Amino acid sequence: MKYFKFLFVVIFFTIMGCKGGKETNSNKITSEVFTDSVISSIESYDNEIKLEGTKWKLIQLRGKQVQNTSEKEMIIEFHSDGRFSANMGCNGIGGNYHIKEGNRISFSQVISTMMACPNMENEEVFKAIIETIDNYAISNNKLSLNKARMAPLAVFIKK
C-alpha cells in the first residue's frame with residue numbers, strides 16, 4: 001500500500017512540474033489547495049484502523065449473529081508484543097499470534113480460565129476455531145478472522 005501512495009505522490013508532482021508556463025496567483029492557490037488535500041488524504045489513509053491496539057467486539061460467529069447474555073463484553077484485543085487477549089462472555093482467553101505477509105495470521109499457545117457459566121456456547125465455538133484461523137481482513141470498521149477462502153469464522157466490529 002505504501003508503494004501506491006508513493007507512486008501517487010510522484011505522479012502528482014511530476015504532472016504539476018510539467019505544467020510549464022507562467023504561474024498566476026489563482027493557479028498557485030488552486031495548486032496549493034489541491035496539494036494540501038492530496039497530502040491530507042494520504043495522511044488519513046495512513047490512519048487506517050490497525051489490528052493491534054484496537055479493541056474488537058464480537059458480532060458474528062460461524063456466520064451467525066451473536067447474542068451476549070453475560071455482563072462481560074465479547075471482545076478480542078491484539079497487543080504489540082505478539083499476544084492477544086479475549087473474553088467471550090465468561091472466561092478470559094489469551095495466547096500468542098503471529099502476523100505474516102498477506103494478512104496471514106496464526107494463533108498458538110491459546111489458554112483460558114475455566115469458570116463455569118450459564119451460557120458458554122459462543123465461548124466454546126470461539127475456542128474451537130481460534131487455532132484454525134489463518135488470515136484476517138479489516139474493512140469498514142470490521143475485523144474478519146477467516147480460514148482459507150471460506151466465510152469468516154468470526155467477525156468483530158471496532159469498539
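Buried means under 20% relative accessible area, exposed over 50%, and partly exposed in between, with a 1.4 Å probe and protein chains only. Helices (H or I, at least four residues) and strands (E, at least two) are DSSP runs, numbered from the N terminus. The model is predicted: local features need pLDDT of at least 70, side-chain atom pairs count only at pLDDT 80 or more, and totals for chains, interfaces and linings use all residues. Residues are numbered from 1 along each chain as its sequence is written, and side-chain values use heavy atoms, without hydrogens and water.

**Exercise 1. Sort the residues of helix 3 into buried and exposed, and say what covers the buried ones.**

Step 1. Helix 3 spans residues 121–129. Its buried residues are Asn122, Glu123, Phe126 and Ile129.

Step 2. Look down the axis. These buried residues fall within an arc of 140°, so they line one face of the helix. The arc is taken from the directions from the helix axis to the C-beta atoms.

Step 3. Turn to the other side. Glu121, Glu124 and Ala128 are exposed there.

Step 4. Find the cover. It includes strand 1 (55–61), strand 3 (74–78), strand 4 (83–88), strand 5, strand 6 and strand 9 (154–158).

**Exercise 2. Identify the residues that touch the most other members of the largest nonpolar core.**

Step 1. Fix the term. A nonpolar core is a set of buried Ala, Val, Leu, Ile, Met, Phe, Trp, Tyr and Cys residues joined through side-chain atoms within 4.5 Å.

Step 2. The largest such core has 25 residues, and Phe78, Phe84, Phe126 and Phe156 touch the most other members.

Step 3. Trace the suppliers. Helix 3 and strand 8 (142–146) are among the elements that each give at least two residues to this core.

Step 4. Take Phe156. Beyond its neighbours within four places in sequence, its contacts (heavy atoms within 4.5 Å) include Trp56, Ile76, Met88, Phe126 and Leu145.

**Exercise 3. Locate the two salt bridges and compare their settings.**

Step 1. The criterion is a side-chain nitrogen of Lys or Arg within 4 Å of a carboxyl oxygen of Asp or Glu.

Step 2. Lys159 pairs with Glu73, with the closest N and O atoms 2.9 Å apart. Lys159 follows strand 9 and Glu73 sits in the loop between strand 2 (64–65) and strand 3, so the bridge ties together parts 86 residues apart in sequence.

Step 3. Lys127 pairs with Glu123 at 3.7 Å between the closest N and O atoms. These two are four residues apart in helix 3, about one helical turn.

Step 4. Check accessibility. Lys127 is partly exposed at 33%. Glu123 is buried at 1%.
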